[in-house]
Amino acid sequence: MVASVSLRVAAASLAVGALVLLAVWLTDLSFERAALLAPVLVVGVAAAAGLLVLWGRVGWAHFRDSRHPRAIAAAALAVVLVAVALTLLGVRLPHE
């Protein structure tokens, strides 16, 4: 029992350390400031992940219950392919 708890603690510590390093790499924060903000980073990432899971499940339920799931999947794939093609071609949309 003790080994599984210490393994969980080690995994959580590794995840928080990776999150701090990712925040330092993505922003102009110093390592010390990012380490102090680690609880805020963890809560923010958990909230974003929770919203992603929630809306993913809602979208999947609506997709599964729709009348034309193949048409929806084809339209979504077409939107992604057009976005990728425009990105590869270097097209930039105007900003307001």
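## Fold and overall shape

Helices (H or I, at least four residues) and strands (E, at least two) are taken here as DSSP runs, numbered from the N terminus. By that reckoning, this chain has four helices and zero strands, in the order α-α-α-α along the sequence. The chain's radius of gyration, taken over C-alpha atoms, is 20 Å, well over the 12 Å given for 96 residues by the globule rule (2.2 Å times the number of residues to the power 0.38), so the chain is more spread out than a compact globule. Its C-alpha trace spans about 50 × 40 × 20 Å along the principal axes.

A word on the model: it is predicted, with local features needing pLDDT of at least 70 and side-chain atom pairs counting only at pLDDT 80 or more, while totals for chains, interfaces and linings use all residues. Residues are numbered from 1 along each chain as its sequence is written, and side-chain values use heavy atoms, leaving out hydrogens and water.

## Surface and charge

Buried residues (under 20% relative accessible area, 1.4 Å probe, protein chains only) make up 5% of the 96 residues. The accessible surface, from the Shrake-Rupley method with a 1.4 Å probe, comes to about 8,500 Å², and 74% of that belongs to carbon and sulfur atoms.

## Helix α4

Helix α4 covers residues 69-89; at 1.5 Å times one less than its 21 residues it should span 30 Å, and its end C-alpha atoms are indeed 30 Å apart. After α4 comes Gly-90, with a positive phi near 85°.

## The aromatic pair

One aromatic pair (ring centres within 6.5 Å) turns up in a search of the whole structure. The rings of Trp-60 and Phe-63 have centres 5.5 Å apart and planes at 40°, so this pair is tilted (neither under 30 degrees, stacked, nor over 60, edge-to-face). Both residues sit in helix α3 (residues 38-65), three residues apart, which is about one helical turn.

Trp-60 counts as exposed (over 50%) at 51% relative accessibility, whereas Phe-63, at 24%, is partly exposed (between the two cut-offs).

Notes:
Phe/Tyr/Trp six-rings, centres within 6.5 Å; stacked < 30°, edge-to-face > 60°.
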